[in-house]
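Please open the structure in your viewer and keep the selection panel at hand. The stops below go from one selection to the next.

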Amino acid sequence: MDLASKRGLLETTLKDLGSVMVAYSGGTDSAFLAWAAFQALGDGMLAVIADSASLPRAELAAALAFTARHRIPTHILPTSELDNPDYQRNDSQRCFHCKDELFTRMETERSARGFRHLAYGMNLDDRGEFRPGQQAASQHNALAPLVTAQLTKTEIRQLAHEAGLELWDKPSSACLSSRIEYGRPVTRENLAQVEQAEEALHGMGFRQVRVRHHGDLARIEIARPELPRALDVEVLDRITAALRPLGFRYITLDTQGYRSGSMNDILPATAITSATVKQ
């Protein structure tokens, strides 16, 4: 199927739903899905963004600015995954407990507001990655229209660009909890450390960064095209001066650069299984 056919299939799929609540994070995939659902259904859709300590304030503001700019109906849904000991424990199933909380609350909202379906922004490429949240979505009957339309991440970015959506090339940004090493409890304090550290690096002009939290040690991943600037001694000193007051005793620069899901490298193979999701 060519890209135009996939775009048509997405539109047909969304119209056939009748009404839908879209789990919206502010990333390119969920933003494009929310925009496409609004084009297809108008007020028959609602973008729902979960607000918790694991969502950076800057990301929340940007997500709300996007939907406001495009007049997409949006609802902020407070979530309390941090109150769940299974989530706090931060093992390989942390993402499942987060999405289970999200979709449980969305289901309550869906029923109260009279929407027919839940949907989220999983794309075709996501199926081969370790994402326990997909299993939670499946258990709550959340649909994946982008997968139904056989859209890859690259194709979604292309369609978003063609639609004039300003976040078509926005770097991927997982929740703050994904920066904390497995086995280290997720707390508001260490989430705030990561958020402030990444804000400082963005303030220095680095676009694609992750600050991985290993207790006293902060392991910084920067996209490889940006690494040469980070290796300047004066820049390294600025990074140290910004991060040490946040509580990190040791600050390191990962020589492999930024890579999505690097924390999963330590997981046993038995923990990394692809979930079956509804399409």
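**A helix across the sheet**

Begin by selecting helix α3 (residues 57-69), which lies across β2 and β3 and runs at about 170 degrees to β2. Bear in mind throughout that this is a predicted model.

Now add the strands beneath your selection to the view: four of them form an open sheet, in the order β3-β2-β1-β4, and their pairing is parallel. At the edges you will find β3 (74-78) and β4, each of which pairs on one side only. Direction ignored, neighbouring strands of this sheet are turned against each other by 30 degrees on average.

For a closer look at one pairing, select strand β1 (residues 20-23) together with strand β2 (residues 45-51), which pair in the parallel sense over four bridges. Within this selection, pick M21 and then L46 in β2, its bridge partner.

**Aromatic rings**

How many aromatic pairs does a search of the whole structure find? The search finds two. Select F103 and Y120, which form an edge-to-face pair with 5.9 Å from centre to centre and 80 degrees between the planes. This pair links distant parts of the chain, since F103 belongs to helix α5 (residues 94-113), whereas Y120, 17 residues apart from F103, sits in the loop between β4 (117-119) and α6 (133-139).

Are these two residues buried or exposed? F103 counts as buried because its relative accessibility is 1%, and Y120, at 11% relative accessibility, also counts as buried because the cut-off is under 20%.

As a last stop, select F206 and R229: R229 lies over the face of F206, at 4.0 Å from the ring centre.

Methods:
Residues numbered from 1 in each chain as written. Predicted model: local features only at pLDDT ≥ 70, side-chain atom pairs only at ≥ 80, totals over all residues. Heavy atoms only, no water. Phe/Tyr/Trp six-rings, centres within 6.5 Å; stacked < 30°, edge-to-face > 60°. Helix = DSSP H or I, 4+ residues; strand = E, 2+ residues; numbered from the N terminus. Buried < 20%, exposed > 50% of the residue type's maximum accessible area, 1.4 Å probe, protein only. Lys NZ or Arg CZ within 6 Å of the ring centre and 35° of its normal. Pairing = 2+ DSSP bridges. Axes fitted to C-alpha atoms, helices over the stretch in contact; angles between N-to-C directions. Contact = heavy atoms within 4.5 Å.
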